[in-house]
Amino acid sequence: MPGGNCLKRLNSGLNSRLKPAVVGWLNLFRRKRSSKDTFSPDTLSNLFRFKYSCFKMLLDSNAEFLKVISDIEERLQGQQVFGMSYVRSRAAQAVFHALRMVKNLDDLSGHRYTLLFDILEKINLKIKEALGKRKEIPPTELILPYLQINAEMVDWVGGKNANLGEIHNRVHLPIPRGFAITTRAFESFMVRNELFDEISKKKVGIDPDNPETINTTSEEIRQLITSAQVPAELEDAILLAYAKLAEDSGIRVSMRSSATGEDSELSYAGQYLSKLNVPSDQIIHAYKEVVASLYTPRAIAYRLNKGIRDEDVAMSVACLQMVESAASGVMYSRNPFNLLEENIIITAVWGLGPYAVEGVITPDSYTVGKNRQTIAAEISHKIVKLISKPDGDLIEVPVADDLQDKPCLSQEEIDILVTYALKLEEHYGCPQDIEWALDKKKRLFILQSRPLRVEDYGKGYPITPVLTAYPLLIEKGRTASAGVGFGPAFHVVSDQDLLNFPDGAVLVARHSSPKFVMVMKKTRAIITDMGNIAGHMASLAREFSVPAIVNARVATATIPTGMEVTVDAYSGRVYQGIVPELESFQNACECPMKDTPVYRVLREVSDWIIPLHLLDPKSPNFTPSFCRSLHDISRMVHEFSYTEMFQLSDFVSDKKGVAFKLKVSIPLDLYVIDLGGGMTETNVHLNSVPPDKIASVPFNALLRGIMHEDFQKSQLRPVEFKGFLSVMREQMLSPPSKTERFGDRSYAIISDKYLNFSSRVGYHYSILDSYCSPTPGMNYITFSFKGGAADDIRRNRRVRAIAVILQSLDFTVEITGDRVDARYQKHECSLIEDRLDIIGRLLQFTRQMDMLMNNEASVEALAKNFLAGNYNLKNTATTRGQKSEVRSQESGGRNDSRKTPWD
Amino acid sequence: MESIRLLLVDDEEDFRTTLASRLKRRNIDVTDVGSGNEAIELIRERSFDVAVLDIKMPGMDGIETLKHLKKIAPLVEVILLTGHGSVEAGIEGMRLGAYDYLMKPYNVKDLLLKVEDAYRRKLLEESQQRTQQRT
């Protein structure tokens with residue numbers, strides 16, 4: 001058992017009163033190894049089920065933990081605004097899931113891993129320390145004028161307010177006058193009315209399976225909020241701030257949501273309420289309405305799904321003087337339609353802004369050079385405009401005849417806007433997409449500024465010309481994420497490659513994979529032979545602003561590791577060498593969050609969560625005391641959990657009257673333990689059971705696959721010499737304790753409807769758990785496959801081949817290193833049986849898959865062959881992907897008359 | 001499955017009773033009390049399968065309650081409810097033998113699943129103990 005030595009030290013003597021019965025038994029199995037012991041099937045049945053329930057919880061938390069990590073990594077890119085509440089909640093989730101993993105490993109092993117609790121606690125302490133470094137002084141103000149707001153105050157005033165404050169105070173540009181109603185105000189309103197308590201009570205009524213309950217609860221909560229009393233001092237503060245703003249002129253304001261925390265993006269996405277044209281006597285009511293929009297059905301569902309706690313969101317409100325727009329529009333600080341020119345584009349319409357972007361009318365369009373020379377001015381015919389009615393509604397009205405063909409902006413106004421655009425681009429460090437408005441007194445305001453996302457404007461056609469002076473390697477890839485990146489190519493085949501990925505390289509791979517998220521920080525661009533622009537990786541690449549081309553077809557063939565390339569992901573081209581003309585576009589975006597104290601806290605916290613130091617289970621350092629991050633802990637727990645799962649089975653198989661050897665004609669060392677109803681009769685004296693006496697529905701299905709005739713025909717597959725050597729070498733290098741486990745022993749713990757199957761067929765181990773009953777809701781298969789001989793790369797190829805196969809059978813699949821965890825649930829019994837049959841075949845099929853995994857193409861070739869029902873690996877040994885594809889088609893694909901799920 | 005005997009301990013009465021009534025609808029035999037002391041008293045008198053404890057309670061908090069409860073009835077599986085990011089309490093609780101913990105907000109369905117899992121594990125422990133006593 002790997003790590004066995006170190007674990008002995010772990011028996012730190014847990015308080016005996018806490019040691020439950022099962023623990024005693026688990027340890028009994030460990031100590032007594034005399035064949036005289038007898039164990040009742042009941043005892044064993046309980047032990048297995050106990051262990052498996054721990055194992056399952058452990059796997060669940062492992063998956064969740066990895067999700068938290070990739071989420072944090074995304075934020076570390078520095079492009080999304082976040083506050084301390086985000087950092088805190090993510091850190092708590094990471095610790096929680098690591099803890100659950102430790103706890104379940106400790107339970108299933110009979111408390112031999114208590115040391116891991118100490119280590120977890122130490123790391124948690126470090127995390128707490130890092131979190132504590134940023135002492136926030138929560139604002140005492142209920143109202144903050146924009147003069148006092150900047151980007152770091154996002155937790156107090158929300159994303160929208162924070163950005164407006166930043167533009168006003170740090171870029172020094174005019175924004176509409178107004179003030180922010182802070183989260184302190186929100187809290188006082190909610191607490192004074194005991195709304196948090198009321199809401200959490202109401203939320204108990206939500207049944208996520210029944211959307212109607214979300215709707216009714218939402219309505220009740222919003223009703224609660226809008227009918228609550230705003231505390232007198234808050235009402236006074238808001239009205240006083242309004243009075244200062246209005247200076248007796250009775251102006252109207254807009255009240256816009258500016259939520260904090262993870263919901264801050266929802267504010268931008270228009271998920272929360274904004275009220276326009278609010279007169280003074282309705283401000284307080286409008287405030288409550290905006291606050292209540294935190295609990296729209298959509299927002300509630302969003303938070304439930306994402307696991308965001310209500311405590312972590314708060315609603316701040318932006319209260320801005322309505323700008324009576326004479327004209328308004330959008331401006332790009334760089335031409336998004338042709339990147340080779342550095343011009344500023346301004347579009348303008350009469351009236352309100354939505355008409356400038358919605359395409360209702362063609363706006364005026366000005367192209368201005370950075371030297372402020374107007375290069376082109378296209379004045380369009382503008383017959384209508386959008387204005388707001390006194391009641392706040394927006395309506396379309398005709399434009400006066402004499403204005404229809406007149407430019408919306410004077411030369412002077414254009415000059416001013418250009419100055420603003422340049423300043424914003426300079427401040428934020430990347431091209432900006434800016435909303436502006438011109439009021440009737442000819443004053444210009446900035447309403448919003450955000451990074452320009454060029455890919456939104458290219459609409460799929462190339463927006464850069466072909467540069468013939470450079471060797472063109474890829475001509476027609478598809479843009480998954482626009483941008484330009486250059487650097488040395490680096491091929492990624494396995495997870496190991498991702499771990500070794502060099503900073504500043506260009507990732508080249510056969511398929512796109514969301515796992516690339518691990519290196520999004522390091523990579524300058526991504527090129528894949530295949531992939532989908534709407535896929536998960538594509539959206540991650542866009543999220544991280546990493547230029548990415550998919551469907552490049554020949555990238556892995558034409559671009560070797562180490563070659564310097566320039567990736568023009570605006571137009572789907574790759575050039576050899578560095579192309580200076582494109583150089584200026586690469587990674588244009590500096591990351592605005594990176595200089596903030598909150599970012600530094602996340603960085604520091606993540607250092608205790610994300611880095612993985614324990615890569616090699618065979619290393620002497622693969623012990624609890626070397627765990628330096630939560631990731632280390634989770635990796636180790638996952639590894640040890642498999643060892644622990646096998647220990648009991650190994651022991652039990654030697655016992656008479658408990659485990660029965662399955663009598664089959666193929667070489668299969670399979671022991672069956674019946675928990676009840678799994679066998680029709682047994683011969684206790686012979687200690688064996690023939691397959692026709694098995695009455696367990698899921699086990700029978702699995703056996704059908706394992707004993708599929710194709711595998712019985714071809715017992716020995718030719719083994720390619722190179723592959724064979726590699727497997728041999730691996731065995732020689734492994735410590736003896738590990739080689740011992742290579743006895744091809746499998747265990748089936750069964751009842752009439754239940755199967756837990758653990759096997760070491762070949763050199764891998766796999767654990768399968770399934771329930772198969774007439775009630776689809778109860779049915780499931782969970783399948784974990786891990787390890788094996790052969791080097792890491794082959795091992796990983798095999799795991800990916802298995803993942804491809806399981807995915808195409810509608811399993812949900814997670815790959816981590818050389819492990820794949822898959823689940824399939826809530827399906828009819830017949831579908832479960834079909835899947836089990838195929839897994840049975842898969843287990844046989846993979847027996848010597850390692851040795852055949854010579855190259856990357858073999859991953860798909862093997863998966864394809866398998867799915868086509870071609871289980872004879874003979875000619876796939878030297879795999880040329882296309883060749884074997886043809887072969888399997890020629891042979892008619894399925895040489896199996898049984899109906900398979902993909903029929 | 002027999003009806004699960006569940007002890008719900010939370011000082012917030014409204015919250016507790018709403019949750020209790022929802023769990024009862026799912027055929028769970030719920031008894032709810034408002035403090036750790038009441039819970040301890042009750043557990044001396046009656047048997048429970050699963051206890052759901054709020055960590056943050058005035059007087060005897062969830063962790064203290066857990067300690068006492070495990071002393072009296074080691075086989076009862078305990079699920080802790082934590083609010084405001086009290087990770088430390090969670091670690092402490094799991095160490096002390098809590099079955100699992102749930103971070104607020106959670107939905108009732110998740111709690112229900114956990115309760116069922118905890119119950120199944122408790123049955124395992126119980127039957128294991130019986131076998132142990134026989135041998």
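This note reviews confidence and nonpolar cores in a predicted model with chains A and B.

1. Overall scores. For the complex, the predictor reports a pTM of 0.57 and an ipTM of 0.79. Mean pLDDT is 85 for chain B, where 89% of residues reach 70 or more. For chain A the average is 78, and 75% of the residues score at least 70.

2. Extremes within chain A. Confidence in this chain is highest in strand E2 (residues 178–181) of chain A, at a mean of 96. The lowest value belongs to helix H26 (residues 736–739) of chain A, with a mean of 34.

3. Segments to treat with caution. Residues 455–461 of chain A stay under 50 in pLDDT, and the model gives them 9 contacts beyond four places in sequence. Residues 875–903 of chain A also remain under 50, with 47 such contacts in the model. Where pLDDT is low, the predicted coordinates should not be read in detail.

4. The largest nonpolar core. This core holds 143 residues, and Leu6(B) and Val50(B) touch the most other members. At least three residues come from each of domain 1 (4–75 + 95–128 + 629–649) and domain 5 (653–890) of chain A.

5. Surroundings of Leu6(B). Leaving aside residues up to four places away in sequence, Leu6(B) touches Leu23(B), Ile28(B), Asp29(B), Val30(B), Phe48(B), Asp49(B), Val50(B), Val52(B) and Val115(B).

6. A separate core. Apart from the largest core lies another, of 89 residues. Its members include Leu144(A), Val253(A), Ala314(A) and Val349(A).

Note on methods
Residues numbered from 1 in each chain as written. Chains lettered and ligands numbered in written order. Predicted model: local features only at pLDDT ≥ 70, side-chain atom pairs only at ≥ 80, totals over all residues. pLDDT = per-residue confidence, 0-100. Core = buried A, V, L, I, M, F, W, Y, C linked by C-beta atoms within 7 Å. Buried ≥ 20, exposed ≤ 12 C-beta atoms within 10 Å, placed from the backbone. Domains from an automatic or database assignment. Contact = placed C-beta atoms within 7 Å. Helix = DSSP H or I, 4+ residues; strand = E, 2+ residues; numbered from the N terminus.
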